[in-house]
Amino acid sequence: MSNSPNEVRARIAALLPRLRRFGRTLCRTGEDADDLVQMAVEKALTRTDQWTPGTRLDSWMFRIMQTTWIDELRARERRSQTFVPEEEGEHVGVDSNAAQVEAMAVRKAVSRLGDDQRAVVGLVLVEGLSYQEAAEVLDIPVGTLTSRLARAREALQAMLGAAP
Amino acid sequence: MTWTDDELMAFADGELAGERGAALAAAMTGDDALRARVDALRRQRRSVAAAFAGVLDEPVPDRLAALLAVPPAEPAAAAPAPAVADLAAERARRQGRGSGSGSGLTWAHWGGMAASLALGVLLGHQWAAPGADALVSEAGGRLVAGGRLAQALEARLAADASGQGVAVQLSFVDRDGQYCRTFSTDRIAGLACREASRWTVQSTTPAEPAASGALRQAASPLPRALLEAVDERIAGTALTAAQERQARDRGWVR
């Protein structure tokens, strides 16, 4: 596998749908999610040489997204433009089928989790990374990751109620 | 045996391996309450994944895709930045080029002579470097790509830096259902299609004279005659970078 910039570009392009999905778990609106993907991709393109061929490119991109997101949150705090937690649910009443209604409820519940918990849920439950891989992306010990995940799952369970 | 919540979660997430995992799996068979707790965690995992799955089917916004489009090659650029297989962009770029005295010539004006010249150049390579490195050879009345030309057509992606003096640009499926690719060297550009496990050269044309006479880069714009040859054969649109890679990885077999 080549590490030429164009090669890496093409592979990041292929990851865009997943990056957008991860963005959707981190951010509370689709617009913010795409902004985050854009910032992360721009950042990644300036340092494609830092990605080690043979390692997971998706993990590398997730990590850039995560750190970019943290920076963005801090910047927003500094600007005192406290991010308005627009909850997922812009299309309430549009979706009629049961699966879509449930999906919307789940996304809304995820959007109410804390920032750290959303990242863990996104990486493990949505993107399917192992605990070890997710801990590496977030640069935290596996023990910290599992306790965050456990708390996030309890919170989701509390919001969504016990499944029948 | 007691189980912690963390262990049940790890088990549901496929993370509890070894003896402890096996013991939990065994314990679940005789313990409905335990099984229900694990099942609830698994259901939760599935429902969270399903809630976001739809994002993958959404079209990627242009502003994001554009960030990763391979930048068009500058005619005299030193850095190898070959155009990705995008016919429309290639045409748009050509249309945007200056209307110098030479650009008014159509293929019809000089095409026949140019084609013979190009073939001579192409065969000249063969004559100059006979043996394994011949760019083309004649077989059954067709010109078959050989040597580094065959290697490039077989293995190189448009996004790769050109190596060994051969670059490939557009890849597409032609109306006969075979893969075709454009290629260029410092002196010629051509179109080759994959037939019966080999690349047959369909047409060639002299490479466009480089602006300012600088050493021509393999990534220079495609000559108009070649684009017209592509237009004549292409079915649908040119392959995307991902499709190109997939086709390459499958050995150009359809």
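Reader: How many residue pairs are in polar contact across the interface of chain B and chain A?

Author: Happy to start there, keeping in mind that this is a predicted model. Only pairs with both residues at pLDDT 80 or more enter this count. For the interface of chain B and chain A, the number of residue pairs in polar contact is 16.

Reader: Which residue of chain A forms a salt bridge with B:Glu58?

Author: Across this interface the rule finds 6 salt bridges. In the one formed by B:Glu58, the closest N and O atoms are 3.2 Å apart. That is within the 4 Å cut-off, and the partner is A:Arg20.

Reader: Which helix gives the largest share of the side of chain B that touches chain A?

Author: Good one! H1 (5-12), H3 and H4 (62-68) of chain B each supply at least two residues of that side. The largest share is 10 residues, and they come from H3(B).

Reader: How are H7(A) and H3(B) oriented to each other?

Author: Residues 142-160 of chain A form H7, while residues 32-53 of chain B form H3. Their axes lie 11 Å apart, at an angle of about 85°. Angles of 65 to 115 degrees count as roughly perpendicular, so H7(A) and H3(B) are roughly perpendicular.

Reader: What area is buried between chain B and chain A?

Author: Let's build up to it: 36 residues of chain B are in contact with 41 residues of chain A. B:Phe52, B:Arg63 and B:Leu68 supply 20% of the area that chain B buries here, more than any other three residues. Carbon and sulfur atoms give 59% of the buried area between the two chains, which is about 3,500 Å².

Definitions and conventions: Residues are numbered from 1 along each chain as its sequence is written. Chains are lettered from A and ligands numbered from 1 in the order in which they are written. This is a predicted model: local features need pLDDT of at least 70, side-chain atom pairs count only at pLDDT 80 or more; totals for chains, interfaces and linings use all residues. Side-chain values use heavy atoms; hydrogens and water are left out. Axes are lines fitted to C-alpha atoms, for helices over the stretch in contact, and angles run from 0 to 180 degrees between N-to-C directions. Helices (H or I, at least four residues) and strands (E, at least two) are DSSP runs, numbered from the N terminus. Angles under 35 degrees count as roughly parallel, over 145 as roughly antiparallel, 65 to 115 as roughly perpendicular and the rest as oblique. Contact means heavy atoms within 4.5 Å. Buried area is the accessible area (1.4 Å probe) that two parts lose on being put together, summed over both. A salt bridge is a side-chain nitrogen of Lys or Arg within 4 Å of a carboxyl oxygen of Asp or Glu. A polar contact is a pair of N or O atoms within 3.5 Å; within protein, one must be able to donate a hydrogen and the other to accept it, and residues adjacent in sequence count only if both atoms are side-chain atoms.
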